[in-house]
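Trainee: I've got the model open on my screen and could use a hand reading it. Can we go through the rings first and then a sheet?

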Amino acid sequence: MRFVNYKYNKREYLGVLIDDKVIELNKILVSLGKARVNSMSEFIGIYNDEIQYIENSIKGKEFETIPLVDVKLSAPIERPRRNVFCLGKNYVEHVKEVDSMGASGDGIPKAPIYFTKAINICTGDMDEIRFSKSVTKKVDYEAELAVVIGKEGINIKQEEAEDYIFGYTIINDVSARDLQARHSQWFKGKSLDTFCPMGPTIVHKREIPFPVELNIGSSVNGEVRQNSNTKNLIFNIAYIISDISKGFTIKPGDIISTGTPSGVGIGFKPEKLLKNGDIVECNIERIGKLTNTVVVE
Ligand code: MG
């Protein structure tokens, strides 16, 4: 199943996307005699173990549907309860491209490099990445596979990691390279408003074989920039969940963005950073395509 967050007639709804039609999630829950929810994180927290039951129940029932083209998708988890957890330098070819510019150095990490994006509102598919030249002059894209956590856990074994996953989505880990460098720590350069496009949907884990091996890429104005596969992750999803949960409780609705492959803008000579009017597409096989337009003020 695919889960979406959408606006329709100026109101916001959670939904299930089936082919190119949306069914309001709360109508499904009410039809099953279950409690309504107010956010995707709340839905995941309550219903993570009932997704198969919900999916089976839909098949036998008639629901009002809305064509996908008639709704405006928002980020599937628009307001994460906590910062988005991210990994830096988690594809070998990307490590090489950033090390070669002298941006960070140190080679292949021996342990996952964690940082977070402190995002108030995640940006939806077809929405704008917007920034001011007075704040940053070097903004870059990073297509990433994001894991949405389904249940609370701590000290999770790698063999059990998939049990803690709800599903998968795409994040563009938009990055202000000049701010990352100026402040040493990446927090500010990763957390500007509109710097966390996410979506277009969350694909439930039942639709994606584990371990996750999916083609991942990006393009800018139709020019392919990144092209890899998530099997090339240095630290894979099972390892990440096991490692990050050592002494640290992960919760339903938490989001882990697993890092970006090579082909980011600063990896090119000359650099190919984002400009006003650019259209950035991040794509992952079986999940979809996340498209955003750049507006420089
Ligand atoms: Mg990244």
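Mentor: Sure, and keep in mind that this is a predicted model. Let's start with tyrosine 47.

Trainee: Okay, is tyrosine 47 buried or exposed?

Mentor: Look at its relative accessible area, which is 4%. Anything under 20% goes down as buried. So tyrosine 47 is buried.

Trainee: And which geometry does the pair of phenylalanine 43 and tyrosine 47 have?

Mentor: The two residues are four apart in helix α2, so about one helical turn separates them. Their ring centres are 5.5 Å from each other, with 35 degrees between the planes. Stacked needs under 30 degrees and edge-to-face needs over 60. That leaves this pair as tilted.

Trainee: How do the rings of phenylalanine 43 and phenylalanine 166 meet?

Mentor: Both partners are out of the solvent: phenylalanine 43 is buried at 0% relative accessibility, and phenylalanine 166 is buried with 0% too. Their ring centres lie 6.3 Å apart, inside the 6.5 Å limit for a pair. The planes stand at 90 degrees, so call it edge-to-face.

Trainee: How far apart in sequence are the parts that this pair ties together?

Mentor: Phenylalanine 43 belongs to helix α2, while phenylalanine 166 is in strand β11, residues 165-172. The ring pair therefore ties together parts separated in sequence by 123 residues.

Trainee: Which residues do ring pairs link into a cluster?

Mentor: You've already met phenylalanine 43 with tyrosine 47, and phenylalanine 43 with phenylalanine 166. Add Phe3 and you have the cluster, linked by ring pairs: Phe3, Phe43, Tyr47 and Phe166.

Trainee: Moving on, which charged ends sit over the ring of phenylalanine 268?

Mentor: There's one from an arginine, 5.7 Å from the ring centre. There's also one from a lysine, 4.5 Å from that centre. Their names are arginine 225 and lysine 272.

Trainee: Now the sheet: which are the edge strands in the open sheet of five strands?

Mentor: Read the order across, β8-β18-β17-β14-β15, with mixed pairing. Between one strand and the next, the twist averages 20 degrees. An edge strand pairs on one side only, and that picks out β8 (128-131) and β15 (223-229).

Trainee: Last one: what is the bridge partner of glutamate 281 in β18?

Mentor: Strand β17 covers residues 279-284, and β18 covers residues 288-296. The two run antiparallel and are joined by six bridges. For glutamate 281, the partner in β18 is threonine 291.

Methods:
Residues are numbered from 1 along each chain as its sequence is written. This is a predicted model: local features need pLDDT of at least 70, side-chain atom pairs count only at pLDDT 80 or more; totals for chains, interfaces and linings use all residues. Side-chain values use heavy atoms; hydrogens and water are left out. Rings of Phe, Tyr and Trp (its six-membered ring) pair if their centres lie within 6.5 Å; planes under 30 degrees apart count as stacked, over 60 as edge-to-face and the rest as tilted. Buried means under 20% relative accessible area, exposed over 50%, partly exposed in between (1.4 Å probe, protein chains only). A charge sits over a ring if NZ of Lys or CZ of Arg is within 6 Å of the ring centre and within 35 degrees of the ring normal. Two strands pair if DSSP finds at least two bridges between them. Axes are lines fitted to C-alpha atoms, for helices over the stretch in contact, and angles run from 0 to 180 degrees between N-to-C directions.
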